[in-house]
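Work through the exercises below with the structure open beside you. Try each task before reading its solution.

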There are 2 protein chains.
Amino acid sequence: MGWGDLGVFGEPSKETPNLDRMASEGILFPDFYTANPLCSPSRASLLTGRLPIRNGFYTTNAHARNAYTPQEIVGGIPDSEVLLPELLKKAGYINKIIGKWHLGHRNKYHPLNRGFDEWFGSPNCHFGPYDNKERPNIPVYRDWEMIGRYYEDIYINHKTGESNLTQIYLQEATTFIYKYGISKQPFFMYWAIDATHAPVYASSRFLGTSRRGLYGDAVREIDFSIGQILEFLKNMGIAKNTFVFFTSDNGAALISAPHQGGSNSPFLCGKQTTFEGGMRVPGIAWWPGQLAAGQVSYQLGNVMDLFTTSLALAGLEPPADRQIDGIDLSPVILEGKEVERPIFYYRGNELMAVRLGPYKAHYWTWSNSWQELSQGINFCPGQNITGVTTHDQVEYIKPLLFHLGRDPGEKYPIRPSSAEYQNVMLGISPVVRQHKDTMIPGEPQLNVCDLAVMNWSPPGCKKLGKCLTPPESQPWKCVWPH
Amino acid sequence: MGWGDLGVFGEPSKETPNLDRMASEGILFPDFYTANPLCSPSRASLLTGRLPIRNGFYTTNAHARNAYTPQEIVGGIPDSEVLLPELLKKAGYINKIIGKWHLGHRNKYHPLNRGFDEWFGSPNCHFGPYDNKERPNIPVYRDWEMIGRYYEDIYINHKTGESNLTQIYLQEATTFIYKYGISKQPFFMYWAIDATHAPVYASSRFLGTSRRGLYGDAVREIDFSIGQILEFLKNMGIAKNTFVFFTSDNGAALISAPHQGGSNSPFLCGKQTTFEGGMRVPGIAWWPGQLAAGQVSYQLGNVMDLFTTSLALAGLEPPADRQIDGIDLSPVILEGKEVERPIFYYRGNELMAVRLGPYKAHYWTWSNSWQELSQGINFCPGQNITGVTTHDQVEYIKPLLFHLGRDPGEKYPIRPSSAEYQNVMLGISPVVRQHKDTMIPGEPQLNVCDLAVMNWSPPGCKKLGKCLTPPESQPWKCVWPH
Ligand SMILES: [Ca+2]
Ligand SMILES: [Ca+2]
């Protein structure tokens, strides 16, 4: 979902009353970011508190490429990474993931091997349907075992966009909350829904109800469901003990707009890019009775902060043996403080840009290649800013500098000869130098693909008669075109 | 000010707490329009309830050109037009205009000749400073007579952007409200401020306080002042008797962004164009105790409706001897109704586009000419949609059709071969045909310019020693390049 998809962030149809209310009861973060303009790396960062370049969720197959975890990917979240649920578990938390995992689908990467106690959802995107010969349909798991496959047992209708998935995810959420809420058991729930990810879906109750078409139906159902979850927490009397945060793993995918993609307005471009539209995401903190209601925080936040913040709120320390990029937002949330910190914008193995305060410096720009553009692939439809939305990978000795307060759309680079430019870069340059000098990249996980590793025979397939025979292993260097 | 300049409409710095509160206490109109993408014609429409093509605020000097009232303009609001204050006066209202009049600066067009009882402000934009030889500085009036000139007696500092004007306008407003509020005298106040119009200004208290730079300082001061006015109405105990509406005369001027122009996001282009960014404007109705608070109305509204609605609320009928384009919004505001009606988008003498329901059909597109573009004049900076933001005047036999709910940015024309297109045009075509067939254009007022008519010797100049000698009359056909 994109920043601009929320009513409170100016979507003109104003169809997110529950999220808007969540903001009015909590803290709205207009300057919140994801760790990567693509799903898998962002989710790896959320659960590790570390940039993808550190936790391995990137590729070195080509320069500055976005990579994720389709089912032919061999890699996943490395053993050496410490995940949020693994740490919370030690403090007695019960952890559940509902929805898309996306950190590796092979058995060694199974979320129940990585600190989660329960899972309902899928390891990969709900792409398909496939023929189960060239490519298996994506399995859906309950806990350790698959319970079926998308397009076979889990209904998604491409033509109408109908699917009950969000309703199922909502049911899973309230059941989980009820079970552990009633027993006063501390819990962590990662509600990783994906209705706004193409192919976009909504249940029959929401289909055709939005002023924005199918994508809006999906947004409305998510908004409704979040309202239900918050209401459920209140009704159970545990809202004041439950910290809730709403955010997104990347900006709206403009390439599939308008039917399958949303809004990042007023920001430039969308998913896949390191412009604001790719990485600025909604951020809402909610914790009735603990946070002052109706606040706006200008804190630069990042999904990685949810790792560190959640640990802090649980009375835990982050691992001391590694660099953690997420910061503890609890002083921001509880005491209204604001902490200076940079935001790093990566595309694969390249630091593309850095934000510090209101300023953003692009060291590299690339929207996508000329070749892709000529094929109609465009991550910035209708937007064309000379020298900014470049179709060559352009490196800048003198970075392209923007003031995001005056110019949230990254349209007006500040002149390098200006005093403002020179002063600002005096602050940004050492931050970048220090970051690069101390960076120890993790082993890249998204380099190797192999049809043999796909979801042919997930655990539980035998019982269901749904095991498929994999082809022989023939690994190749995955191709990441952008 | 642009639609996207309000926090409640997603400006990321969220710097309009008073307007946002006004919306939460009143009704927000995300689908509100001005009558023209330029200031003077919109203001003429606001006060007459009629499209510029009817009330004469357009030009026929060239096809589809925007025109306004610089001080060399000979025309102004015709005698034959009936203005809102003229009608309200008959019902016992006292009427004041504070700020920019813009409906003609020659004495016959003086607002106190047109129903207003009081005036503090200027007849034209606060452009300048001028040399008083080639061109006089713009006068500022109190009631019938000038009290000084911009840049001479009224301080505006181009370099720092400092001016106390909004504070003066605020003082004028509260004084007026106090005077007639205390005596229970019905009043109409037209608070026509212009701090966000280039050259943008703010008072020292607000200068440098916005995260958005000078433009944001001006927005903050306007927001603050509106908060003060609403508070004042509440404190006087007359809020429940006072209908207040906030809107703008055109979209933000992107050509002067980011320092002198704001945001129309997520809409396409800005001031001067008939894309949404040029004509969709903020709309907030406020009337505590009379309207249900915190509502969003999807009613297609227009500044012309404020004419008809104000009359209705005052128990008056609009003139029956002419076509009125504004509709009475009181059932919308008081009873939550929604009325189907078209929005007409004109550029000068040409009907460029029509909106009906969520659909908008462009019969003509033109952002501006190639010649202007080559000179750096661009009303759609960073936006380039092939076949939409055209630099030739393009007429469509099969109009360009957009669904503004799915596609508020006018990026994805609906295919003319689709059933949707054909169905929708079956509804729009007769509305356009009827509109054109019954249109009786007014005498165009913005065709003739003459240096002799400028503000050389406004009433009151003698007392001040500020009379200047006009040159000989040499009228010419005004040139309107876009
Ligand atoms: Ca995603
Ligand atoms: Ca204006």
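**Exercise 1. Find where helix H11(A) is kinked, and check its length in this predicted model.**

Solution.
- Step 1. The kink, of about 30°, is at Leu426(A) in H11(A). The proline Pro430(A) follows shortly after Leu426(A).
- Step 2. Helix H11 of chain A covers residues 419–438, which is 20 residues.
- Step 3. The expected span is 1.5 Å times one less than the number of residues. For this helix that should give 28 Å.
- Step 4. The end C-alpha atoms of H11 in chain A lie 29 Å apart, which agrees with the expected span.

**Exercise 2. List buried residues of H11(A) and state what the buried residues pack against.**

Solution.
- Step 1. Buried residues in H11(A) are Tyr421(A), Val424(A), Met425(A), Ile428(A), Val432(A) and His435(A).
- Step 2. In chain A, the buried residues of this helix pack against helix H3 (52–55) and against four strands named here: S12 (343–347), S13 (350–356), S14 (359–365) and S15 (394–403).

**Exercise 3. Decide whether Cys39(A) and Asn164(A) are buried or partly exposed, and describe their surroundings.**

Solution.
- Step 1. Cys39(A) has a relative accessible area of 2%. Buried means under 20%, so Cys39(A) is buried.
- Step 2. Asn164(A) has a relative accessibility of 42%. This value lies between 20% and 50%, so Asn164(A) counts as partly exposed.
- Step 3. Cys39(A) is in helix H2 (residues 39–48) of chain A, whereas Asn164(A) is in the loop between strand S6 (145–149) and helix H5 (165–182) of chain A.
- Step 4. Leaving aside neighbours within four places in sequence, Cys39(A) contacts Lys100(A), His102(A), His197(A), Asp249(A), Asn250(A) and Lys271(A). With residues up to four places away not counted, Asn164(A) touches Tyr155(A) and Ser203(A).
- Step 5. An unreviewed UniProt entry annotates Cys39(A) as "modified residue: 3-oxoalanine (Cys)". UniProt also lists Asn164(A) under "glycosylation site", from an unreviewed entry.

**Exercise 4. Identify the protein donors of the calcium ions, ligand 1 and ligand 2.**

Solution.
- Step 1. For ligand 1, Asp249(A) appears twice as a donor through OD, and Asn250(A) donates through OD1. These donors lie 2.7 Å from the calcium ion.
- Step 2. For ligand 2, Asp249(B) is likewise listed twice with OD, and Asn250(B) coordinates with OD1, at 2.7 Å.
- Step 3. Asp249(A) and Asn250(A) are both buried. In chain B, Asp249(B) and Asn250(B) are buried too.
- Step 4. Return to Exercise 3: Asp249(A) and Asn250(A) are among the contacts of Cys39(A).

Technical notes
Residues numbered from 1 in each chain as written. Chains lettered and ligands numbered in written order. Predicted model: local features only at pLDDT ≥ 70, side-chain atom pairs only at ≥ 80, totals over all residues. Heavy atoms only, no water. Donors = N, O, S within 2.8 Å, 3.2 Å for Na, K, Ca; no water. Buried < 20%, exposed > 50% of the residue type's maximum accessible area, 1.4 Å probe, protein only. Helix = DSSP H or I, 4+ residues; strand = E, 2+ residues; numbered from the N terminus. Bend = angle between axes of the 7 residues up to and from the residue. Contact = heavy atoms within 4.5 Å. UniProt positions renumbered as here; feature names shortened; annotations may be inferred.
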